[in-house]
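This briefing is meant for a reader who is meeting the structure for the first time. Please look over the sequence and the model before going on to the points grouped below.

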Amino acid sequence: MKYIEEFNDPQLARRLLDEIHATVTRPWALMEVCGGQTHSIIRHGIDQLLPDQVELIHGPGCPVCVTPLEVIDKALEIASRPGVIFCSFGDMLRVPGTDRDLFRVKGEGGDVRVVYSPLDALELARRHPDREVVFFGIGFETTAPANAMTVHQARRLGLRNFSLLVSHVRVPPAVEAIMTAPACRVQGFLAAGHVCSVMGTHEYPRLAERHRVPIVVTGFEPLDILEGVRRAVHQLERGEHRVENAYPRAVRDEGNPAAMAMIEEVFEVADRAWRGIGVIPDSGWRLAEAFREYDAEHRFDVSDIRTEESPLCRSGEVLQGLIKPTECEAFGTTCTPRNPLGATMVSSEGACAAYYLYRRMQAPAAPGASASVPPKEMNPVG
């Protein structure tokens with residue numbers, strides 16, 4: 001606990017804030033790519049403690065939130081079939097599909113189970129050879145190695161009744177898509193430390209150079225995020241655009257070679273749709289041909305499902321950083337965690353959920369406007 005508490009020290013936070021305040025001379029817009037960072041920012045009021053000139057834009061860093069509606073509907077279709085045990089992490093169960101969610105399927109008699117590891121699903125397949133066991137494999141690069149290992153193990157053990165419904169996405173192509181979007185305002189990135197702990201930082205220098213933006217690899221505690229902001233602001237003020245690792249206790253530039261090797265063996269890079277954003281080239285993984293028999297989408301023949309998003313939900317604009325959650329007319333009224341219109345309200349890493357949970361119920365002031373509470377009167381991370 002002592003180690004964690006050191007990254008929540010209010011005095012160190014104040015020193016970092018004072019340096020950021022002393023450094024910034026003009027408006028800057030930074031995007032944090034990870035939903036876990038978004039929740040930490042909102043929970044601790046970090047965005048309100050920063051200078052008015054520094055705006056934090058919430059990016060598409062929630063894996064549940066960016067899972068396409070059509071993939072959710074495929075999961076619902078598979079989970080509804082007799083003889084299927086459908087396994088998922090808990091935060092997927094309340095994500096709305098077109099007309100229901102996995103909780104509804106469970107209530108209607110489907111065998112939907114919450115597991116804590118894909119290996120739990122593999123064990124269910126071993127114990128129930130007469131049932132088809134499907135694991136909902138979503139996430140960024142962080143969860144891909146474990147899911148790849150599970151498929152690898154299934155083949156090694158000869159378990160033919162196990163399959164994976166895959167919706168894995170990759171961060172660097174998303175950064176490329178954000179920076180090339182016509183409405184992009186992002187001038188720097190706080191990269192997700194857990195992603196880089198797996199994949200390293202080798203994909204980011206070309207993005208930083210091409211788009212002339214600093215990219216700072218950042219952790220999730222308040223001091224991690226403030227240090228990331230401090231480094232990004234220093235680069236912007238100096239006209240620099242480099243990749244910096246502000247999370248060295250977890251991230252090495254070369255990443256985790258064993259994890260990357262497992263991903264490369266089991267998956268292959270593919271175009272992938274992101275919910276609310278659209279298809280981003282080379283932004284995801286699918287099972288490689290050698291492991292295609294474990295692909296639930298093919299096994300259950302659900303590849304032709306087509307859907308249409310609710311016109312009331314603006315989560316796509318939230319995921320692209322075009323609006324804050326409170327700028328959506330449905331936020332907190334017709335869309336709440338109990339009755340979500342989109343995944344950003346129900347996911348444990350969704351921006352809308354963070355704003356609702358920590359009672360950010362009003363639209364933020366425009367950049368450059370006076371903060372409602374002066375920074376010196378607020379209690380950083382305390």
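Is Cys-328 buried or exposed? With a relative accessible area of 11%, Cys-328 falls under the 20% limit and is therefore buried. The model is a predicted one, and the points below go from the chain as a whole to its two sheets, and then to single residues.

**The chain as a whole**

- The protein chain holds 18 helices together with 11 strands, and its radius of gyration of 21 Å is close to the 21 Å that the globule rule gives for 382 residues, so the chain is as compact as a globular protein of that length.
- Taken along the principal axes, the box filled by the C-alpha atoms of the protein chain is roughly 65 × 45 × 45 Å.
- Of the 382 residues in the protein chain, 55% are buried, while the accessible surface comes to about 16600 Å², with 51% of that surface belonging to carbon and sulfur atoms.
- Among the contacts in the protein chain with a separation of 6 or more, 78% are made by residues 24 or more positions apart.

**The parallel sheet**

- One open sheet is formed by 5 strands in the order S2-S1-S7-S8-S9, and the pairing in this sheet is parallel.
- At the edges of this sheet lie strand S2 (54–58) and strand S9 (243–245), each of which pairs on one side only, and the twist from one strand to the next averages 25°.
- Strand S8 (residues 215–218) pairs with S9 in the parallel sense over 3 bridges, and within this part of the sheet Val-217 has Asn-245 in S9 as its bridge partner.

**The mixed sheet**

- Another open sheet has 6 strands, which follow the order S4-S3-S5-S6-S11-S10 with mixed pairing.
- Its edge strands are strand S4 (111–114) and strand S10 (267–274), each pairing on one side only, and here the twist averages 25° from one strand to the next.
- S10 and strand S11 (residues 278–287) run antiparallel and are joined by 7 bridges, with Ala-273 standing opposite Val-279 in S11.
- Helix H8 (residues 118–127) lies across several strands of this sheet, namely strand S3 (84–88), S4, strand S5 (132–139) and strand S6 (162–169), and runs at about 170° to S5.
- As a general point, the strands of a sheet pair through backbone hydrogen bonds, and they do so either parallel or antiparallel.

**Cysteines**

- How many disulfides does the count come to? The count comes to 0 disulfides.
- Why does Cys-328 not form a bond with Cys-313? The closest cysteine sulfur to that of Cys-328 is the one in Cys-313, and because these atoms are 6.1 Å apart, they are too far from each other for a bond, given that a disulfide calls for sulfur atoms within 2.5 Å.
- Cys-62 is also a buried cysteine, with a relative accessible area of 3%.

**A residue in helix H10**

- Ala-177 is found in helix H10, which covers residues 171–180, and with a relative accessible area of 26% Ala-177 is partly exposed, because that value lies between the 20% limit for buried residues and the 50% limit for exposed ones.
- Although Ala-177 and Ile-277 are 100 residues apart along the chain, their C-alpha atoms are separated by 9.5 Å.

Technical notes:
Residues are numbered from 1 along each chain as its sequence is written. This is a predicted model: local features need pLDDT of at least 70, side-chain atom pairs count only at pLDDT 80 or more; totals for chains, interfaces and linings use all residues. Side-chain values use heavy atoms; hydrogens and water are left out. Helices (H or I, at least four residues) and strands (E, at least two) are DSSP runs, numbered from the N terminus. Buried means under 20% relative accessible area, exposed over 50%, partly exposed in between (1.4 Å probe, protein chains only). Two strands pair if DSSP finds at least two bridges between them. Axes are lines fitted to C-alpha atoms, for helices over the stretch in contact, and angles run from 0 to 180 degrees between N-to-C directions. The radius of gyration is taken over C-alpha atoms; the globule rule is 2.2 Å times the number of residues to the power 0.38. Contact means heavy atoms within 4.5 Å. Accessible areas come from the Shrake-Rupley method with a 1.4 Å probe; for residues, only the protein chains shown count as cover.
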